[in-house]
Amino acid sequence: MSLVLTIVNAWRPSFSRLQEMADFGSNPGALRMLTFLPDNLSPRPALVVVLHGSMQSAADYDRGAGWSTLADQYGFALLMPEQSRQNNLTRSFNWFEPADTQREGGEAHSIMQMVEKMVSDYHIDRTRIFVTGLSAGGAMTLAMLARYPEAFAAGAVIAGLPYGTATNAQQALRDMFQAPPKSSRELGDLVREASPNTADWPRLSVWHGSADRTVKPSNAGEIIKQWLDVHGLPLTPMSEQLVDGQSRQVWWDTDGKTVIESFTIADMGHGTPLSSLGSGIAGPCMVEAGISSTDHIAKFFGLNEPQIESPAKTTRRRFPLFDAMRKTTRPHRIRAVRSWRDAFANISKMRIALGQGKGRISDQKGG
């Protein structure tokens with residue numbers, strides 16, 4: 001443990017782009033609220049909630065994953081809740097503790113108080129709130145999606161565990177090393193029981209390294225089974241492809257919109273996959289893999305798409321002088337069209353009289 005802490009502390013930056021907000025509610029989970037707001041923040045920005053992994057701070061994870069860099073690029077707001085060692089010695093979010101994943105209590109409720117603070121202070125678009133996380137943060141991401149499905153449009157989990165399968169630390173450790181197989185229905189019921197009145201569920205992106213020895217890759221399969229069942233989708237992928245050399249499976253709804261995607265990163269251990277060509281910097285649990293999960297998750301969330309502010313921006317542009325000319329010349333244009341139509345009709349009659357077939361005239365009219 002001391003060796004891990006030494007490595008992490010050596011990598012930890014001396015500065016952070018994140019700013020702390022202290023007054024955001026009762027904070028029953030005793031978490032810190034850290035945010036980043038780019039200079040080009042959109043008028044009604046999206047909000048991305050990012051949950052760090054074990055042995056990390058919010059600043060560590062932002063430096064590694066590069067979320068604030070993407071916020072600069074796309075103009076969205078960033079919220080990065082931070083765990084303390086008083087809550088958990090490894091600074092893991094307590095995703096397995098029922099008291100911390102209740103809808104109105106513990107860490108989950110603290111995170112939602114932060115979200116509401118951001119919505120109130122920065123006019124966040126409630127239809128564009130997203131959550132993502134690594135490892136314990138990934139498992140907590142699923143807890144947020146299960147407990148507050150109406151609050152999030154989509155989520156992304158990296159090296160995480162399915163919701164509700166562990167209810168104490170011992171079960172959490174067991175699931176990390178070997179998730180006990182459950183049926184899709186059993187897994188889906190755990191989510192439905194968390195929010196029994198929900199009909200519409202958030203979309204989900206799942207990422208896992210095939211050589212992960214900390215959280216076994218079988219957990220990714222259980223997550224996918226769980227949320228496919230929630231969405232009423234079949235286990236068989238609707239599409240399989242290679243993206244940046246890595247396997248991606250996709251499931252979509254009846255409208256053709258991607259609802260669930262799964263990336264399996266070949267030969268990668270525990271951590272967030274990064275690319276030297278994308279956002280982020282490699283470090284502990286931040287793995288150079290030739291593919292940037294941050295960039296792809298941002299696209300899955302739709303953060304790279306231009307925001308349509310209002311219908312007024314898509315209306316036809318008016319030119320007063322041109323409109324006036326159109327009105328003045330309208331009678332002349334109408335007479336010209338009528339004259340052309342009458343002349344064409346007379347020519348057609350003459351050709352028929354000369355014995356030319358109607359079929360040819362029809363062809364000419366069609367052309």
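Reader: What comes right after α9, and is its phi positive or negative?
Author: In this predicted model, α9 is followed by G302, and the phi of G302 is positive, near 85°.

Reader: And α9 itself, how many of its residues are buried?
Author: Helix α9 covers residues 293–301, and 8 of its 9 residues are buried, so the helix is mostly covered.

Reader: Which ones are they?
Author: The buried residues of α9 are S293, T294, D295, H296, I297, A298, F300 and F301.

Reader: OK, switching to α6. Which residues are buried there?
Author: In α6, which spans residues 169–177, they are A172, D175 and M176.

Reader: Why do we say they line one face of the helix?
Author: Looking down the axis of α6, the buried residues fall within an arc of 105°, so they line one face. As a general point, an α-helix has 3.6 residues a turn, so residues three or four places apart point the same way.

Reader: What do those buried residues pack against?
Author: They pack against α8, residues 218–231.

Reader: Anything going on at the start of α6? What does the side chain of N168 reach to?
Author: A side-chain oxygen of N168 comes to within 3.1 Å of the backbone nitrogen of Q170.

Reader: New topic: L89. Where does it lie?
Author: L89 is in the loop between β4 (77–82) and α4 (106–122).

Reader: Is L89 buried or exposed?
Author: Exposed, because its relative accessibility is 71% and the cut-off for exposed is over 50%.

Reader: How many residues apart in sequence are L89 and S54, and what about in space?
Author: They are 35 residues apart in sequence, and 9.3 Å apart in space, C-alpha to C-alpha.

How values were computed
Residues are numbered from 1 along each chain as its sequence is written. This is a predicted model: local features need pLDDT of at least 70, side-chain atom pairs count only at pLDDT 80 or more; totals for chains, interfaces and linings use all residues. Side-chain values use heavy atoms; hydrogens and water are left out. Helices (H or I, at least four residues) and strands (E, at least two) are DSSP runs, numbered from the N terminus. Buried means under 20% relative accessible area, exposed over 50%, partly exposed in between (1.4 Å probe, protein chains only). The arc is that of the directions from the helix axis to the C-beta atoms. Contact means heavy atoms within 4.5 Å. A polar contact is a pair of N or O atoms within 3.5 Å; within protein, one must be able to donate a hydrogen and the other to accept it, and residues adjacent in sequence count only if both atoms are side-chain atoms.
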